[in-house]
Amino acid sequence: MLSPELGHYALALACVLAAVQGILPLIGAHRRDPRLMALAPGLAIGQLIGLVTAFACLIHAAVTDDFSVQNVAANSAVAKPLLYKITGVWGNHEGSILLWALILGLCGAAVAAFGRNLPSALRARVIAVLGLVATGFELFCLTTSDPFARVWPAPMDGQGMNPLLQDPGLAFHPPILYTGYVGFAVPFAFAIAALIEGRVDAAWGRWVRPWAVAAWCFLTCGIAMGSWWSYYVLGWGGYWFWDPVENASLIPWLTGTALIHSAIVVEKREALKIWTVLLAIGTFSFSLSGTFLVRSGILNSVHAFANDPARGVFILGLLGLVIGGSLALFAYRAPSLTAGGLFAPVSREGALVLNNILLCSLCAVVLTGTMYPPFMSLLFDRTISVGKPFFDATTIPLALPLFIFMGFGPMLPWKRAQLWPVLNRLWLAAGLTVVATLVAIRQLSGVLPVLCAALAVWVIVSSATDIATRIQLFRGPVAASLHRLRGLPRAIIGTAIAHTGVGITVLGLAGMSQAQHRIVEVPIGSTQSLAGYEWTLTDVHSEPGPNYTAMVATIEIRRNGHVVTVLHPSKRSFNMQNQTTTDVAIHTNLLSDLYGVLGDSHGTDGHMTYVLRLHYNPLAPWMWLGALVMAFGGALSLSDRRVRVGAPRRATSPSTQGIAS
Amino acid sequence: MITKPVPRSSAPPARRFFSRLAAGLLAAFCLLAVPLYGLAVDDPSEMLSDPRAEARAEAIGAQLRCLVCQNESIEDSSAGLARDLRRVVREHVAQGESNQQIMQWMVSRYGNFIRLKPALSLGTIMLWSMPALALLLGCGAAFFFYRRHAATPPPPPLSDDEKARLARLTGKDDRT
Amino acid sequence: MNSSGSITRRRLLMALPLVGAGAVGAAFWKMLSGMQHGSFNPHDINAPVLNRPVPDFSLPGLAPSEGFGTQDLTSLKEPVLLNFFASWCIPCVAEMPTLMAFKDQLTMWGVAYKDKPDNAAAFLRHSGNPFARLGNDQQGRTGMDWGLSGVPETFLIGPGGVIRWHTAAPLTEDILRGSILPLAAKLKTP
């Protein structure tokens, strides 16, 4: 049966298989031994089976309330709902490391399954590199963070879970975010394999890009989910705090975004090869070090690893091996990679280079801001803080030019372009942007929100124009245009959609900068006005819940005398944990959120007053909608025919390499 | 609202209990990559009646770091000390002090830790110049490589044999 | 195609990321080990109080002691250990026996921080009172002037009312014996 011992054994087996997977195919690829290389896919799938078994055993232990397993005893309880018993498995240190390893195993198996068209040596090397990384994590799991450790005597009940964590949004956020982080291990492995081979070409670019795009989609969704969670759970209308934990996810997102763009240049023009390899290594390195260093206590004020020196030492050593090893290989092999195709500064390549410069500058700013305080403290023994006001002031001005170039970059021809004909096609977009600016000046206060809104409109309209031009919309029968649309590569449509998503998110941010809120203390029956709405507190009553008591308020919101909606924010008191949580009530019409929170109550029976926090958040849902649209655009480009069946083949003889770009 | 992990407290008992509990669970929280923030639903009586003064107080408060929380400003935090500091800010605003004076009051007591937006100084010059520095470095590197690349001689023209192979290849190549 | 010299130069350029990552890694290593030994704390607020005169304040007393203010500290001839505490603060409760053990070797004054006077008095009756004088900072305003971010927090005031030593961590016997007492002895003999 699925006993913890079986899980432990399966994990150990997976670790051994991962080590073999990391060594034999590498030797095979080096000696050009097809038998050794052919072992790679089987080993990757075997390792995945081991990890799935281990994970299933841990879930089984949690679901069956096996409190003899220490991890379950510390994080679960009999009374916990089934869903949270399952999701609670990855809501703690040991379980999350196991989930991390499982996703890494999935990546290896995915390369084994979908990488049939890869040259056998490249595939063997990619899978081997993934195996080596997996070995490290599984060893970490086995030696310092064993999720299957038993406790004796077994307690009758577990210690339960923080009520704040019992939330569906939070339950599925980690797997998606981790898939994003770990997914970048595949481009990383491709980069290492290419360095070992000493060869990066257009085919390599075409192979690596779908993996990077897939990881990027997950990371985008994961970040958006985290932001949404803090918006609707924490109860004061914030959505992004520039916290080190958030920055740790933003940094690989920025370099990952740069990567999926620079890989296009490799694929189409064989240029930027060394840079793309470096980005692939850097993105995964940031994913790794970010998630682990925020837990080291250096950035965050709680010592998660520092409590256990063995963990801190192990993880730093692992990071040193993975990052240091790959960068050393890069330093040794990258100089021998040949330079690629030439291009003029004004060209599609040029625009993509600019995109990379801006994204990496943004990344440098976020990284510096996040790391500056501990380094100041270490080097100069001086204490400073770097928070939201700094990041707002530095990142937004850097992002604005990005939006300008996003508008016409995709329309520039490769190699050498004329700016004028492209801009000429964008007169409609420019006109609409001017209109949007005028509207924004009337509607929004502040220079940056106006600029953001105007440029967001520019990005959206010019992305639409790009598609309209390509299908020659309004230049002939609509049916013919639609036919052309169907014939258009999905990657091009995906690009336009993803860019539109950026525009939508930026519009949401501009709207949120105009959010209004009021904090009031009122008796029942009192009416407040905020943003043109009348908010009336009509009732507060208490309601029993499964393991808490809730105080539920009823707030009627009227506009011009008509009831728009009724909000029921509540406050839950969990007796066992002696903790209260607030349950925000949000009404959205997709253009704005009406957001109500119930706070403390004062007074005695009959003369009670209640603290209410009322928010009007214009365009708030667009921030997350935009992220979904971005991810959808990425997914659409993944479904491109050329990715699915394109089976890019390498030029057969070295002399054709220069031609086949 | 998480107090620091060093075993000391800055909040009344109920809050203290929550923060200790939360600190224990923080490992889980960090894994989930979300910040742990307080539910800063607070006493509205602390707000200033003049909306312009209140807006100024909020703007100042947003620049001040809560001393016992993770990374929030005192405006966002429900910690006891943050509430006290909010009140102080409003008192000083009501007395007509300038933003700079209020900031000075805070920094002289708590040091630079309290500024969420670090002051420009010799030590923070790298931080503040980072956007320009990164941009310049990126553009400079791009220009350098472009010049060097453009300076390399173009490959020799194709031989007839290669031209023939090119024709064969481009015939099959899926154009984009 | 490339001469070996240019390959070496390119190799040096390509080694830059490795060098950068190595430096950052070494710094992280230093931070982690410093955190384990207690020599490095990136979360210390480091309120700028050291070697400054004590701030202007005046506190009411907490029965049975009468209160004190700036004047009382500046007119001191010998060092005084000033401890901010509260009855609701668990580390303060844990720290009190250590203070009691050293109360004969060092003059200690206490300030009850954001505490109900009754609770603070009851707490000191129960744990023993090491403090020669007691102030009551019920609103926590004096705490702000001292740059207090929480309790317990302890200051060593030298003669003339200058802050000579400060910690925001609970006191231990090691700290008292190793740092505070030697410093106090040095301050006493000019």
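Colleague: What is the place of F474(A) in chain A?

Modeller: F474(A) sits in a loop of chain A, with α17 (447-470) before that loop and α18 (478-487) after. Bear in mind that this is a predicted model.

Colleague: Is F474(A) buried or exposed, and what makes it count that way?

Modeller: Exposed. The cut-off for that class is 12 or fewer other C-beta atoms within 10 Å. F474(A) has 8 C-beta neighbours inside that radius, so it counts as exposed.

Colleague: And what makes the phi of F474(A) worth listing?

Modeller: The sign. Phi of F474(A) is near 65 degrees, a positive value, and the residue is not glycine.

Colleague: Why does W242(A) get listed for its phi?

Modeller: Phi of W242(A) is near 55 degrees, again positive in a residue other than glycine. W242(A) also lies in a loop, between α9 (202-234) and α10 (244-269) of chain A.

Colleague: Buried or exposed, and how do you know, for W242(A)?

Modeller: Buried. The threshold is 20 or more other C-beta atoms within 10 Å. W242(A) has 21 C-beta neighbours inside 10 Å, so it falls in the buried class.

Colleague: What kind of peptide bond joins W152(A) and P153(A), and how do you know?

Modeller: A cis bond, with omega at about -5 degrees. P153(A) is in the loop between α6 (120-144) and α7 (168-183) of chain A.

Colleague: What about the bond from V151(C) to P152(C)?

Modeller: That bond is cis, with omega near -5 degrees. P152(C) lies in the loop that runs from α6 (141-145) to β4 (153-158) of chain C.

Colleague: Now the sheet β1-β10-β9-β8 of chain A. Why are β1 and β8 called edge strands?

Modeller: Start with the order. Four strands make an open, antiparallel sheet that reads β1-β10-β9-β8. β1 (516-522) and β8 (585-588) each have a single partner strand, so one side of each has no neighbour in the sheet. From one strand to the next, the twist averages 15 degrees.

Colleague: How do you know that β9 and β10 of chain A are paired?

Modeller: By the bridges. Pairing takes at least two. β9 (residues 592-602) and β10 (residues 609-618) of chain A have nine bridges, in the antiparallel sense. As one example, D593(A) has N617(A) of β10(A) as its bridge partner.

Colleague: What makes you say that helix α20 packs on this sheet?

Modeller: Its contacts. Helix α20 (residues 620-638) of chain A touches β8, β9 and β10 of chain A. The direction of α20 makes about 120 degrees with that of β9(A).

Colleague: Why do β4 and β6 of chain A count as a pair?

Modeller: The bar is at least two bridges. β4 (residues 549-559) and β6 (residues 570-574) are joined by four, and they run antiparallel. V552(A) has S570(A) as its bridge partner in β6(A).

Colleague: And what ties β6(A) to β7?

Modeller: Five bridges, also in the antiparallel sense, link β6(A) to β7 (residues 579-583) of chain A. Within β6(A) and β7(A), S573(A) stands opposite T580(A).

Colleague: Turn to chain C. How do you know that chain C is not a compact globule?

Modeller: Compare two radii of gyration. A compact globule of 190 residues would have one near 16 Å, but chain C has 24 Å. Along its principal axes, the C-alpha trace of chain C spans about 90 × 40 × 30 Å. Of its 190 residues, 39% count as buried.

Colleague: Into which domains is chain C divided, and how far apart are their centres?

Modeller: Domain 1 covers 4-37 and domain 2 covers 70-188. Taken over C-alpha atoms, the centres are 45 Å apart.

Colleague: What does the record say about residues 12-32 of chain C, and what does the model show there?

Modeller: UniProt, in an unreviewed entry, lists those residues as "transmembrane region". In the model, the span is 95% helix and 0% strand. The C-alpha atoms at its ends lie 30 Å apart.

Colleague: How many helices and strands does chain C have, and in what order?

Modeller: Seven helices and five strands. From the N terminus on, the elements run α-α-α-β-α-β-α-β-α-β-β-α.

Definitions and conventions:
Residues are numbered from 1 along each chain as its sequence is written. Chains are lettered from A and ligands numbered from 1 in the order in which they are written. This is a predicted model: local features need pLDDT of at least 70, side-chain atom pairs count only at pLDDT 80 or more; totals for chains, interfaces and linings use all residues. Domain bounds come from an automatic or database domain assignment. Helices (H or I, at least four residues) and strands (E, at least two) are DSSP runs, numbered from the N terminus. Axes are lines fitted to C-alpha atoms, for helices over the stretch in contact, and angles run from 0 to 180 degrees between N-to-C directions. Two residues are in contact if their C-beta atoms, placed from the backbone, lie within 7 Å. UniProt positions are given in the numbering used here, feature names are shortened, and annotations may be inferred rather than shown by experiment. The radius of gyration is taken over C-alpha atoms; the globule rule is 2.2 Å times the number of residues to the power 0.38.
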